[in-house]
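Q: Got a minute to go through a model with me? I'd like to start with the overall picture and then get into details.

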Number of protein chains: 2
Amino acid sequence: MTNRADSAAATRVALLRAAGDLLDAGGPAAVTLRAVGAQAGVSRGAPYGHFPDKEHLLAQLVVDGWLELAQVLDRIRNGGESADAKLEAALIALLDVAARKPHLYALMWSAPTGDPSQIVEAAGRSQDVFLGLVGDIVGREDARRYGALLMSSAHGIASMELSGHLSKQKWNTTPRALVAMLVQALPGASSAGGVSAGDQT
Amino acid sequence: MTNRADSAAATRVALLRAAGDLLDAGGPAAVTLRAVGAQAGVSRGAPYGHFPDKEHLLAQLVVDGWLELAQVLDRIRNGGESADAKLEAALIALLDVAARKPHLYALMWSAPTGDPSQIVEAAGRSQDVFLGLVGDIVGREDARRYGALLMSSAHGIASMELSGHLSKQKWNTTPRALVAMLVQALPGASSAGGVSAGDQT
DNA sequence: AGTACTCACATGACAACGTCACACGAAATG
DNA sequence: CATTTCGTGTGACGTTGTCATGTGAGTACT
């Protein structure tokens, strides 16, 4: 039980969890290595045994975020709903990350730091699911163009909402409504949509 | 000529310009009050005579960014092209800011800091031009919904490009092509055989 | 004109931060 | 049991944002 490797792996996980919690609670400014160490029950220098520097620690948080989103998207894709509904649910899942963990979401969409290739690969895992879902509607031919358009649009909606530039008063709409518009405008989509998937936001 | 008020106003401008240059050149990390002071020819403590803190200095940079974009958009709107072309040019102008000043662009779309109301107001100046341009195509009725969708989509494209998640290899498209798709998909656009909603100029 | 005031700016100081070098002690190895 | 390994704690250093204080040139008052 007092295995050394296991103990080290446990503190590594504790460090990541502590960093994630601090990020969620107080934003990037609250994530100091001293605070992370304290919350993880170790000292301020301990992270350097597991990560080259602070940037790589945050990068790992981003990687985990993309991988977790990919899992959610996979579950949606394997669901039994219509292609339209599944695509809309996937887009809403993206909005959900933004709503639930805004600071992590912002980090996921900032320029990759630390180990960029690892981030790009993890993000690609989520993007591939989008590609597949869009392909089911518009066909393999146009899947990539429309996939890029839909993913960036959904991200734009989430980002605009997060930054406070999407006030309901000014635009008279909501992120959910905009996503619905996106899906319905897709060539090959059925106009009638009874979407019941997606989480609360 | 060595008027005290004028001199102070000049250093304020110099501070903002220095901060902007440092931001463009080295990203947010390069913008330290010491470096800003040095580049503006004053000391590290001088900014505190003009801004409450660093956050407010950066916020002013964001405000200026939005106002400058609004001017560009206004010039586009008053141009002689077709409504479609003008809207596309406006969206491309947004991409242009992202391409030319990526760090400032990222700041403009992050959660407002310092004096949020001032930022929201400046951003609104740009958003209103978008609203008008979109209204010229889809009509006043739907202008707000479509305006929000177009602006957030364009921002999403720019953001995805900036963060490196829009690789041409994966998606087989470019930001410009995506913007073109957006405009053509708009109901009332000339090239797409869509509904002929209100068309005014 | 000469004096007192004002205010923009410079400077010293402090706490907090990321990071490194080093020390310690317990697990792992023979 | 002796030795090595390695995860972690600790001291230290340079840098940062910020404030308190000093200073000197422009401004106002008599």
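What follows is a chat about this predicted model.

Q: What's the make-up of chain A in terms of helices and strands?

A: Chain A has 9 helices and 0 strands. Going along the sequence, the pattern reads α-α-α-α-α-α-α-α-α.

Q: And what does the C-alpha trace of chain A span?

A: About 60 × 40 × 30 Å along its principal axes.

Q: How much of chain A is buried?

A: Of the 201 residues in chain A, 46% are buried. As for contacts in chain A with a separation of 6 or more, 69% of them are between residues 24 or more positions apart.

Q: OK, on to the pair. How does chain B lie on chain A?

A: A turn of 180 degrees, with a shift of 0.0 Å along the axis, lays chain B on chain A with an RMSD of 0.1 Å. The two copies are thus related as by a two-fold rotation axis.

Q: What about the surface through which the copies meet?

A: It's the same surface on both copies, because 100% of the interface residues of chain B are also interface residues in chain A.

Q: Can you give me one residue to look at there? Say A:Ser152: where is it placed?

A: A:Ser152 sits in helix 7 of chain A, which covers residues 140-162.

Q: Buried or exposed?

A: A:Ser152 is buried, and its relative accessible area is 0%.

Q: What is A:Ser152 in contact with, leaving aside its neighbours within four places in sequence?

A: With residues of chain B: B:Ser153, B:Gly156, B:Ile157, B:Met160 and B:Leu178.

Q: Switching to the DNA. Which residues are closest to DNA strand C?

A: A:Arg34, B:Thr11, B:Ser43, B:Arg44 and B:His50 are the closest, out of 21 residues that surround DNA strand C. So both chains are on that list, because A:Arg34 comes from one and the others from the other.Q: Where on DNA strand C do the atoms within 4 Å of the protein belong?

A: Sugar or phosphate accounts for 57% of those atoms in DNA strand C, and bases for the rest.

Q: Which base atoms of DNA strand C have a polar contact with B:Arg4?

A: A base oxygen, which is 2.9 Å from an N or O atom in the side chain of B:Arg4. A:Arg44 also has a polar side-chain atom 3.5 Å from a base oxygen of DNA strand C. On the phosphate side, a polar side-chain atom of A:Lys54 lies 2.9 Å from a phosphate oxygen of DNA strand C.

Q: Which elements give two or more residues to the surface near DNA strand C?

A: Helix 2 (33-40) of chain A and helix 1 (4-26) of chain B. Helix 1 of chain B gives the largest share, 3 residues.

Q: How do the residues of that surface near DNA strand C divide?

A: Into 8 charged, 7 polar and 6 nonpolar.

Q: Now the other strand. How many residues surround DNA strand D?

A: 20 residues, and the closest are A:Ser43, A:Arg44, A:His50, B:Arg34 and B:Tyr48. By class, the surface near DNA strand D has 7 charged, 7 polar and 6 nonpolar residues.

Q: Which polar atoms lie by the phosphate oxygens of DNA strand D?

A: One of them is a polar backbone atom of A:Ser43, 2.7 Å from a phosphate oxygen of DNA strand D. In the side chain of B:Lys54, an N or O atom is 2.8 Å from a phosphate oxygen of the strand. A polar side-chain atom of A:Thr11 lies 2.9 Å from a phosphate oxygen there.

Q: And which helices supply at least two residues of the surface near DNA strand D?

A: Helix 1 (4-26) of chain A and helix 2 (33-40) of chain B. The largest share, 3 residues, is from helix 1 of chain A.

Q: Let's stay on helix 2 of chain B. Which of its residues are buried?

A: B:Leu33, B:Val36, B:Gly37 and B:Ala40. They line one face of the helix, because seen down its axis the buried residues fall within an arc of 95 degrees.

Q: Why would a spacing of three or four places do that?

A: An α-helix has 3.6 residues a turn, so residues three or four places apart point the same way.

Q: What's exposed on the other side of helix 2 of chain B?

A: B:Arg34 and B:Ala38. The buried residues of helix 2 are covered by elements including helix 1 and helix 3 (54-77) of chain B.

Q: And what follows helix 2 of chain B?

A: B:Gly41, with a positive phi near 80 degrees.

Definitions and conventions:
Residues are numbered from 1 along each chain as its sequence is written. Chains are lettered from A and ligands numbered from 1 in the order in which they are written. This is a predicted model: local features need pLDDT of at least 70, side-chain atom pairs count only at pLDDT 80 or more; totals for chains, interfaces and linings use all residues. Side-chain values use heavy atoms; hydrogens and water are left out. A residue is near a molecule or strand if one of its heavy atoms lies within 4 Å of it. A polar contact is a pair of N or O atoms within 3.5 Å; within protein, one must be able to donate a hydrogen and the other to accept it, and residues adjacent in sequence count only if both atoms are side-chain atoms. Helices (H or I, at least four residues) and strands (E, at least two) are DSSP runs, numbered from the N terminus. Ala, Val, Leu, Ile, Met, Phe, Trp, Tyr, Cys and Pro count as nonpolar, Asp, Glu, Lys and Arg as charged, and the others, Gly among them, as polar. Copies are superposed by least squares on the C-alpha atoms of residues with pLDDT of at least 70 in both. Contact means heavy atoms within 4.5 Å. Buried means under 20% relative accessible area, exposed over 50%, partly exposed in between (1.4 Å probe, protein chains only). The arc is that of the directions from the helix axis to the C-beta atoms.
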